[in-house]
Amino acid sequence: MAVQAAVASDSPGDYVELLDRVMHASRSERPADVTAAARMLQQQPRSPQSERHIALFLGLRLWQEGHRESAIREFERVTRHPEYDTAFGIASHLIGAYRHDRGDDEGALPFLQQSIAALDATGDARGLHLALTTLGRTLRDFAAASELGRADSFTDAPQSEVLDLYEEALDALERAVLIAEEGLAEGLTALVPLVELAVTYRRMGAMEMAVATVEQSLDSLVESDPHSTWALTVAASLYREQGNDRAAGDAIDRAVALAKRSGTASLDLARALNVLATIERKTPTSRDAAVRHAAESVAMGRQLHNNRHTSQALHTYALALLGRGQEDDIQSARPALDEAEKLLFGLGDKRGLNMVRRTRKGFLRKFS
């Protein structure tokens, strides 16, 4: 009925109602409604409005199924002619998220900013919460990459510009937290933006603020939240950097236990094991455990066909092997770094590539 009403009137209001129904269904028990709406629209007389929504629904279906590159082509059709409505906001957000995931933070920012402008204009608080969180994460990572560029070449972004990027990241994430705390983001809590805030403070060197913020997120943590294992994993990393090994161990043990209890948390468990290995490799008596847990994390990444996680876990595995320093370990570390670099190159992840290449330089200096 919503499809028929939208086609009959061809008015933005009816397409907004259709989109609201489809997005609500995709978040609950009827993800197939996305596909059904696209097919029904394709059978009706075409108009510029219906073409945009066909592209959006097809893109959402492809995105749900993991066909991200094909999805992006559909979303680009939606954004080709700027109309600052919900469809434009959703498509722009997902293009920005995709570019950020591939390490193209600078290319992601314009899409995220136009997404927020559109979602702000339409009063879509839930979409705004999500887009602000992605914008904050992207600004932070862009600032960190710019900071690294300055350290490497002394010619990239001046420190004032880097600080401005961090401040913009904090502003975006704090606004996302506020939207959630006011109960405006349907079905969403402040957990994710709070944890992203903690990571941002850590990148800025404000460790006390980072720990306080992640603890704020854990105070209201609900174990059924799909992001709970990730939040505990980040907390463990921050405690480890602070030198609080007991708190780090408690958090990661809780994260691993939580992930194992959930039948859908395999990636969370893989990430938790990766962080556990990172903690263990710093302690001489735990280096065997670090190699074992990193290897388990790599194996889970491969089983899940998640090249991003597999590349990160391979890097941790190589570091754990090099830290243990036995002759066989040194021989095994090189192919692990080679594979990580190959995967990261395929993903277009510039940050990850720089990290692996720095490790390789250190490896060559130490063991050649």
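This passage describes the fold, the aromatic pairs and a few helix contacts of a predicted model.

Some ground rules help at the start. The model is predicted, and residues are numbered from 1 along each chain as its sequence is written. Local features need a pLDDT of at least 70, side-chain atom pairs count only at pLDDT 80 or more, totals for chains, interfaces and linings use all residues, and side-chain values use heavy atoms, with hydrogens and water left out.

The protein chain holds 18 helices and 0 strands; helices (H or I, at least four residues) and strands (E, at least two) are DSSP runs, numbered from the N terminus. Of the 368 residues in the chain, 50% are buried, where buried means under 20% relative accessible area, exposed over 50% and partly exposed in between, with a 1.4 Å probe and protein chains only. The accessible surface comes to about 17,800 Å², and carbon and sulfur atoms supply 50% of that area; the areas come from the Shrake-Rupley method with a 1.4 Å probe, and for residues only the protein chains shown count as cover. Among the contacts (heavy atoms within 4.5 Å) with a separation of 6 or more, 55% involve residues 24 or more positions apart.

Confidence is expressed as pLDDT, the predictor's confidence in each residue, from 0 to 100. The chain averages 84, and 83% of the residues score at least 70. Over residues 150-155, however, the pLDDT is below 50, and this stretch has 6 contacts in the model beyond near neighbours in sequence.

The aromatic residues offer a good way into the structure. A pair of aromatic rings is described by the distance of the centres and the angle of the planes. Rings of Phe, Tyr and Trp (its six-membered ring) pair if their centres lie within 6.5 Å; planes under 30 degrees apart count as stacked, over 60 as edge-to-face and the rest as tilted. The whole structure contains 2 such pairs. In one, the ring centres of Trp-63 and Phe-75 are 6.1 Å apart and the planes stand at 55°, so the pair is tilted. Because Trp-63 lies in helix H4 (residues 48-64) and Phe-75 in helix H5 (residues 68-79), the pair ties together parts that are 12 residues apart in sequence. Trp-63 is buried at 15% relative accessibility, and Phe-75 is buried at 0%. Tyr-84 and Phe-88 also form a tilted pair, with centres 4.8 Å apart and planes at 40°. Here Tyr-84 is partly exposed at 45%, whereas Phe-88 is buried at 1%.

Trp-63 has a further partner: the charged end of Arg-68 sits over its ring, 3.8 Å from the centre. That description applies if NZ of Lys or CZ of Arg is within 6 Å of the ring centre and within 35 degrees of the ring normal. Helix H4 itself is mostly covered, with 13 of its 17 residues buried. Its end C-alpha atoms are 24 Å apart, which agrees with the expected span of 24 Å, taken as 1.5 Å times one less than the number of residues. Just after H4, Gly-66 takes a positive phi of about 90°.

Further along the chain, Ala-144 lies in helix H8 (residues 125-153), and Val-162 in helix H9 (residues 159-181). Their C-alpha atoms are separated by 7.7 Å, at 18 residues apart along the chain. Leaving aside neighbours within four places in sequence, Ala-144 is in contact with Tyr-166 and Arg-203. Val-162 is buried, with a relative accessible area of 0%, and its C-alpha atom is 9.9 Å from that of Met-204, 42 residues away along the chain.
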